[in-house]
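Student: Could you take me through one part of this structure in detail? I'd like to go strand by strand through a single sheet and then look closely at a few of its residues.

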Amino acid sequence: MAEFTVAVSDPETGHTYQVDVSDQDANRFIGRELGEEVDGSAVGLDGFTLELTGGSDDAGRPMRDDVKGESLKAILLTGGTGFNPEKDGERKRVTVRGREVSDATRQINAKIVEQGSGDVEELLTDEE
């Protein structure tokens, strides 16, 4: 069974909340890609809509939206997700994960794009 930690970001307040999901709620994320929208009820936010913005796998490799599928790929980066250069022109070969959520994914980053009724902090802290 899939298990994820979903980091839900609220752009209105600037706060981020971590929610652990498993079983059927986690299956709602399997096969989705970065940039897609998901119903917030999977993390306890009924009536909210979340957009997947990033994540990482079980080894800490970041997900990149420019790599297709769920597979691992070694790419040459000049910056961006997975590598921050210290000098101008610096490049590095980095192994990253594709944009599709799979069983190997351990953390998913999401932001709220449509507000529902209720306060986000109250809805997410009541469950814990």
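Tutor: What follows is a walk through one sheet and some residues in and around it.

Keep in mind that this is a predicted model. The sheet is open and has five strands, in the order 2-1-7-4-3, with mixed pairing. Strand 2 (15-22) and strand 3 (37-39) sit at the edges with a single partner strand each, so each has one side without a neighbour in the sheet. On average, and ignoring direction, neighbouring strands here are turned by 35° against each other.

Let's start with strand 1, which covers residues 3-10. In the order 2-1-7-4-3, strand 1 lies between strand 2 and strand 7, and the two pairings run in opposite senses. With strand 2, strand 1 pairs in the antiparallel sense over eight bridges. With strand 7 (residues 105-114), the pairing is parallel, over five bridges. As a reminder, strands of a sheet pair through backbone hydrogen bonds, in either a parallel or an antiparallel way.

Ser 9 is a handy place to see both pairings. Towards strand 2, Ser 9 stands opposite Thr 16; towards strand 7, Ser 9 faces Lys 111.

Now the connection from strand 1 to strand 2: these two form a hairpin with four residues between them. In that turn, Gly 14 has a positive phi of about 85°.

Over to strand 7, where Thr 105 is found. Is Thr 105 buried or exposed? Thr 105 is buried, because its relative accessible area is 0%, and the cut-off for buried is under 20%. Leaving out residues up to four places away in sequence, Thr 105 touches Glu 3, Phe 4, Ser 56, Asp 57, Met 63 and Glu 100. Of these, Glu 3 and Phe 4 fall within strand 1, given its range of residues 3-10.

Past strand 7 comes Gln 115, in the loop that runs between strand 7 and helix 2 (120-126). Gln 115 is partly exposed, with a relative accessible area of 36%. With the same sequence neighbours left out, Gln 115 touches Asp 10, Glu 12, Gly 47, Phe 48 and Val 120. Two of those contacts have extra detail. The side chains of Gln 115 and Asp 10 are joined by a polar contact of 3.4 Å. As for Glu 12, it is 103 residues from Gln 115 along the chain, yet their C-alpha atoms are separated by 9.7 Å.

Conventions. Residues numbered from 1 in each chain as written. Predicted model: local features only at pLDDT ≥ 70, side-chain atom pairs only at ≥ 80, totals over all residues. Heavy atoms only, no water. Pairing = 2+ DSSP bridges. Axes fitted to C-alpha atoms, helices over the stretch in contact; angles between N-to-C directions. Buried < 20%, exposed > 50% of the residue type's maximum accessible area, 1.4 Å probe, protein only. Contact = heavy atoms within 4.5 Å. Polar contact = N/O pair within 3.5 Å; in protein donor to acceptor, adjacent residues only side chain to side chain.
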